[in-house]
Amino acid sequence: MKNKVIVTVAPTSNFHGKDANPALPEQPEEIGLSVRESYDAGAALAHIHARDRNGVQTNSADVFREINAEIRSRCDIIVQNSIAPALGKRMNSADDGLEVLDAMPEMASLDMGFTVLTIPGREYYIEWTQSFLVRAAKIMQERGIRPELEIFNNSHMDNAQFLIDKGLLSPPFSYSFVMNMHRVNQTAVSWHPRTLMSYVDLLPPNARFSTLGVGPSQHAATVQSLLLGGGVRVGFEDNIYYRRGELAKSNAHLVERIVTVIRDLGLEPATPGEAREMLGIPQLGSQASIESRQKHVH
């Protein structure tokens, strides 16, 4: 597995929609089709947000179940649901985000500390406090959902270690370094090569990492992640452009670009099965996978 790279696609957004790029998928079938195209291009993991039938962001477990089913009907990619509270007409609470875990994804994001979002005309405080992190980690642990630890700044590395020390996370630990979200997130940092290198230096043993870059930093941040031995995340959630002034045609368009770089470096994108082995997730259809879902699916 040393030459395998996990490519994550984040096909849709909790912020912008089709107004930003008409190719961005919003509804379950659209998302399923887009994820399949990205899978064909080399993605092994899909990070998912959701919208209702009116195009408004939602944390509804029913909508997430529908999206997950649409994806599952098309490929065996790893499904990761985001627990970020939906940015709809009102701002949902951090607790509202936990509803998505009822959709029983294989993975879920776990943001490692409180966040202040600044959107034109609105400011939101997301209470990803220490007590929330403990509660969310326990739910994921009980349900066999593998958490991906989203890191927005250095203090989040300490919060992740806190959960590890409490025995709420099991190796291999999965980290996602969020770079360049500082324009809308007061607690996030800009992308800089030294910042990403410092994160990698702080990783505990038995940890894997992936990097995403928001907006114009997407390609540079993900290429640096490859050079440092990590995985990558691309897609319309993070960036709607292929290059300055040119909208990306699809999520697969962005996946294809980073896969080209991966192969130029003598590496290969991991298959979903290989990615599950690398991340410590039971293979689909295995007894461990079946028992985990039978126990907790309502």
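Why is helix H9 (residues 272-279) described as largely enclosed by the rest of the structure? In this predicted model, six of the eight residues of helix H9 are buried, so the helix is largely enclosed by what surrounds it. The buried residues of H9 are Pro-272, Glu-274, Ala-275, Arg-276, Met-278 and Leu-279. Just after the helix, Gly-280 adopts a positive phi of about 75°.

The confidence of the prediction provides the background for reading these details. The protein has a mean pLDDT of 95, and 96% of its residues reach 70 or more. Among its elements, strand E2 (residues 7-9) has the highest mean pLDDT, at 99, whereas helix H10 (residues 287-296) has the lowest, at 66. Where pLDDT is low, predicted coordinates should not be read in detail.

Eight strands close into a barrel, following the order E2-E3-E4-E5-E8-E9-E10-E11, and their pairing is parallel. From one strand to the next, the twist averages 30°. Within this barrel, strand E4 (residues 78-81) and E5 run parallel and are joined by two bridges, with Asn-81 standing opposite Ala-108 in E5. Helices are also found against these strands: helix H2 (residues 61-72) lies across strand E3 (45-48) and E4, and runs at about 165° to E4. Helix H8 (residues 251-264) packs on the sheet, where it touches E2 and strand E11 (231-234), and its direction makes about 165° with that of E2.

Strand E8 (residues 146-151) is mostly covered, with six of its six residues buried. The cover extends to both faces of E8, since Arg-146, Glu-148 and Glu-150 on one side, and Pro-147, Leu-149 and Ile-151 on the other, are all buried. Strand E5 (residues 107-111) runs parallel to E8 and is joined to it by five bridges, and Met-107 stands opposite Arg-146 in E8. E8 also pairs in the parallel sense with strand E9 (residues 173-179), over four bridges, and here Glu-150 stands opposite Ser-176 in E9. Between E8 and E9 the chain crosses through helix H5 (residues 154-165), forming a β-α-β crossover that is right-handed.

Aromatic side chains were examined next. A pair of aromatic rings is described by the distance of the centres and the angle of the planes. With ring centres required to lie within 6.5 Å, the count comes to four aromatic pairs. One of them, formed by Tyr-175 and Phe-177, is tilted, with 6.3 Å from centre to centre and 50° between the planes. Buried residues are those under 20% relative accessible area; Tyr-175 is therefore buried, at 1%, and Phe-177 likewise counts as buried, at 0%. Ring pairs link Tyr-175 and Phe-177 with Tyr-199 and Phe-209 into a cluster.

A residue with another degree of exposure is found in helix H1 (residues 28-41), which holds Glu-37. Glu-37 is partly exposed because its relative accessible area is 43%, a value that falls between the cut-offs of 20% for buried and 50% for exposed residues. Leaving aside residues up to four places away in sequence, Glu-37 touches Ser-250 and Ala-252. By contrast, Pro-171 lies 134 residues from Glu-37 along the chain, and the C-alpha atoms of these two residues are separated by 31 Å.

Conventions:
Residues numbered from 1 in each chain as written. Predicted model: local features only at pLDDT ≥ 70, side-chain atom pairs only at ≥ 80, totals over all residues. Heavy atoms only, no water. Buried < 20%, exposed > 50% of the residue type's maximum accessible area, 1.4 Å probe, protein only. Pairing = 2+ DSSP bridges. Right-handed = clockwise from strand over helix to strand, strands pointing away. pLDDT = per-residue confidence, 0-100. Contact = heavy atoms within 4.5 Å. Axes fitted to C-alpha atoms, helices over the stretch in contact; angles between N-to-C directions. Phe/Tyr/Trp six-rings, centres within 6.5 Å; stacked < 30°, edge-to-face > 60°.
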